[in-house]
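This briefing is meant to be read with the sequence and the model side by side. Please keep both in view while going through the points.

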Amino acid sequence: MSRKAFGILICFILLITSVFYIPIKTKSASIRVYVASHGTVYHADYTCRHLRGNNYSSISLGEARRRGLPPCSACTGNIYNPSASISTKKIYVGETAKIKLNYVTGNVVWSTSNSNISIVEKSNTKGKIKGIKKGSTTLTITGDGCIFKVKIKVMNVPATKLKLNKTKCNLVVKKSVKLKAKVSPKNTTIKTVTWKSSDEKVATVNNGVVTAKKEGTAKITAKCGNVKATCVIIVEKYSYSEQGFLVSAISVGDGKKYKQNESVMCTTTIHSKKTLDQVTLVFAKEGEEDKWIDFTKASDYRGKKDKYSFDIKLSDFSAGKWQLKNIVLQDEDGSMEVVRGFDTKYPKACFTVE
Ligand SMILES: [Zn+2]
């Protein structure tokens, strides 16, 4: 590398360093220098060989400059002004900033105006501070004949991302679900999440717990700082099956005895998302084939009025005990479901033909 290129490189490095370090203004930086009674130069060092044997007095560097005195060439290096520079004046909680000191002598004292920052490293040449909590503080560095004061702003680490464990959720009226919010980054200092429902009549939210109030759709919004996330809550009146049906009650025969020329009344409550088109009751008797009885267009409504009653004529039933085995449901859109387990869930959904 040529000398010129090396020089440019050094200049470049100095420039970069100065860009990243903010000089701290000296409040009352003063440095003492020494002047011989008839001296034409000032000395940084009173032991300077050029001062030896002379009467001298101590004045401030500023005073020496005002008098137009040039520095002594033998001790020039020691009279540069003391300085302090900081890498940044704005830090996040948990972050650090470095301070460089130049030509600060004596017993250097580091102090802060409050506990918003802590001094984690300190010496005569450098120091390091750490953001503890949001707010402003003044860092004071006192050296021999100089004092530096720097205002430092400590900021909270904002949330940059918010994620919910669900983005869509089906809920039955009166039921609740707990939504969990995850705030990123991990070191964020603002962790408080606020919750809001787009329609409190449909669903309310309290600290992430969503409670379904009535049929409809509500959007739950979680917010942390400037970031948010949403979850769509679909409130249904009943806990329908995947196919959209729910049989909530049934009574058929009540375990009683009937004659073959009689009929048995079946009353049932069937909730269906769409209009119920066909209901098939399946009865079983030991040693005999299952008996399927269809009721078509049993209803042309949905919602409140979902109670049905059917008359089952027993002329086709052989003598013995018949148990309701399952119910086959079909809606107007052709969605079909076989609901099983009535023999255990409704053990009295049976009758005996004499
Ligand atoms: Zn000198």
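**Contacts of a strand residue**

Leaving aside residues up to four places away in sequence, Val154 touches Ile91, Val93, Asn116, Ile117, Gly131, Ile132, Lys133, Lys134, Gly135 and Thr137. The model is a predicted one, and the points below set Val154 first in its strand, β11, then turn to a separate topic, an open sheet of 4 strands, and finally to the chain as a whole.

**Val154 and its surroundings**

- Val154 belongs to strand β11, which covers residues 146-155.
- Val154 counts as buried because it has 24 C-beta neighbours inside 10 Å, where the cut-off for a buried residue is 20 or more.
- Lys89 is 65 residues away from Val154 in sequence, yet the two C-alpha atoms are 8.5 Å apart in space.

**Strand β11: faces and partners**

- The covered face of β11 carries Cys146, Phe148, Val150, Ile152 and Val154, whereas the uncovered face carries Ile147, Lys149, Lys151, Lys153 and Met155.
- With strand β10 (residues 135-143), β11 pairs in the antiparallel sense over 9 bridges, and one of the residue pairs between these strands is Gly143 with its bridge partner Cys146 in β11.
- With strand β5 (residues 90-92), β11 pairs in the parallel sense over 3 bridges, and here Lys90 stands opposite Lys153 in β11.
- Two residues of β11 named in these pairings can thus be placed on its faces, with Cys146 on the covered face and Lys153 on the uncovered one.

**An open sheet of 4 strands**

- The strands of this open sheet follow the order β13-β20-β19-β16, and their pairing is mixed.
- At the edges of the sheet are β13 (168-172) and β16 (194-197), each of which pairs on one side only.
- Neighbouring strands of the sheet are turned against each other by 25° on average, with direction ignored.
- The edge strand β16 is joined by 4 bridges to strand β19 (residues 216-224), and the two run antiparallel.
- Between these strands, Lys196 has Thr221 in β19 as its bridge partner.

**The chain as a whole**

- The secondary structure of the chain comprises 3 helices and 29 strands.
- The chain has 354 residues, of which 26% count as buried.
- When contacts between residues at least 6 apart in sequence are considered, 61% of them join residues at least 24 apart.

Definitions and conventions: Residues numbered from 1 in each chain as written. Predicted model: local features only at pLDDT ≥ 70, side-chain atom pairs only at ≥ 80, totals over all residues. Buried ≥ 20, exposed ≤ 12 C-beta atoms within 10 Å, placed from the backbone. Contact = placed C-beta atoms within 7 Å. Pairing = 2+ DSSP bridges. Axes fitted to C-alpha atoms, helices over the stretch in contact; angles between N-to-C directions.
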